[in-house]
Amino acid sequence: MMHDSGGVQMARVLKHATLCLMLLPRFLVAAVMLWLLDFLCIRKKVLLKMGAKQDSPDDPPVCVSDSNRMFTLESLRAVWYGQKLDFLKSAHLGRTAPNTEVMTVQERQQVRILDCMKGKRPLILNFGSCS
């Protein structure tokens, strides 16, 4: 079993630290939004218990309990994971499309997506199912 050299390990640590610093502002905004949603729901529940009248008959009933809060450790982990996946994805709006391999239907061979383009015509991919 081969071990990575100190330089390779340091590069990985620096890459991970840079990623964390880049994702931190987006994560904190999402965490504050979850906290605000919980705060507003709890405030509404408390006001309703104090005898305040609902604003409108169209308002859904308030059902906030300790088991359905949005600002939890699990939800924060999910937000962090989602932010990380979104940041590391290969396709981004306004950039060139990733040229991944796909399987053709008729020939059953692997080709690159952008090899299927013909001239300046747009390439349309259909991700439907045939069941």
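Q: By class, how many nonpolar, polar and charged residues does the lining of the largest pocket have?
A: Let's start with the residues themselves, keeping in mind that this is a predicted model. The largest pocket is lined by Val102, Thr104, Ile113, Cys116, Leu123, Ile124, Leu125, Asn126 and Phe127. Cysteine counts as nonpolar in this scheme, and sorting the lining by class gives seven nonpolar, two polar and no charged residues.

Q: How much space lies in the largest pocket?
A: The lining includes Val102 and Thr104 as well as Leu123 and Phe127. The space in this largest pocket comes to about 220 Å³.

Q: Is Thr104, one of the residues that line the largest pocket, buried or exposed?
A: Thr104 sits in the loop between β1 (101-103) and β2 (110-112). Its relative accessible area is 15%. Buried means under 20%, so Thr104 is buried.

Q: Which residue has a side chain joined to that of Thr104 by a polar contact?
A: Leaving out residues up to four places away in sequence, Thr104 touches Gln109 and Val111. The polar contact is a separate matter: it spans 3.3 Å between side chains, and the partner of Thr104 is Glu107.

Q: Where is Gln83 found, and is Gln83 buried or exposed?
A: Gln83 belongs to helix α2, which covers residues 73-88. With a relative accessible area of 16%, against a cut-off of under 20%, Gln83 is therefore buried.

Q: Which side chain makes a polar contact with the side chain of Gln83?
A: Beyond residues up to four places away in sequence, Gln83 touches Leu23, Arg26 and Ala30. Among them, one also makes a side-chain polar contact with Gln83, at 2.9 Å, and that residue is Arg26.

Q: How many disulfides does the structure hold?
A: A disulfide is a covalent bond between the sulfur atoms of two cysteines. Cys20 counts as partly exposed at 23% relative accessibility, and Cys116 is partly exposed too, at 37%. The number of disulfides in the structure is zero.

Q: What pattern does the protein follow along the sequence?
A: The secondary structure comes to two helices and two strands. Helix α2 spans residues 73-88, while β1 (101-103) and β2 (110-112) flank the loop that holds Thr104. Read along the sequence, the pattern is α-α-β-β.

Q: What percentage of the residues of the protein count as buried?
A: Thr104 is buried, and Gln83 is buried as well. Taken over the 131 residues of the protein, the buried share is 11%.

How values were computed
Residues are numbered from 1 along each chain as its sequence is written. This is a predicted model: local features need pLDDT of at least 70, side-chain atom pairs count only at pLDDT 80 or more; totals for chains, interfaces and linings use all residues. Side-chain values use heavy atoms; hydrogens and water are left out. Helices (H or I, at least four residues) and strands (E, at least two) are DSSP runs, numbered from the N terminus. Buried means under 20% relative accessible area, exposed over 50%, partly exposed in between (1.4 Å probe, protein chains only). A polar contact is a pair of N or O atoms within 3.5 Å; within protein, one must be able to donate a hydrogen and the other to accept it, and residues adjacent in sequence count only if both atoms are side-chain atoms. Contact means heavy atoms within 4.5 Å. On a 1 Å grid over the protein atoms alone, a cavity is a set of points where a 1.4 Å probe fits but cannot get out, and a pocket is an open set with protein on both sides within 12 Å along at least five of seven lines; lining residues have an atom within 4 Å of a point. Grid points are joined across faces, edges and corners, and a volume is the space filled by probe spheres set on the points. A disulfide is a pair of cysteine sulfur atoms within 2.5 Å.
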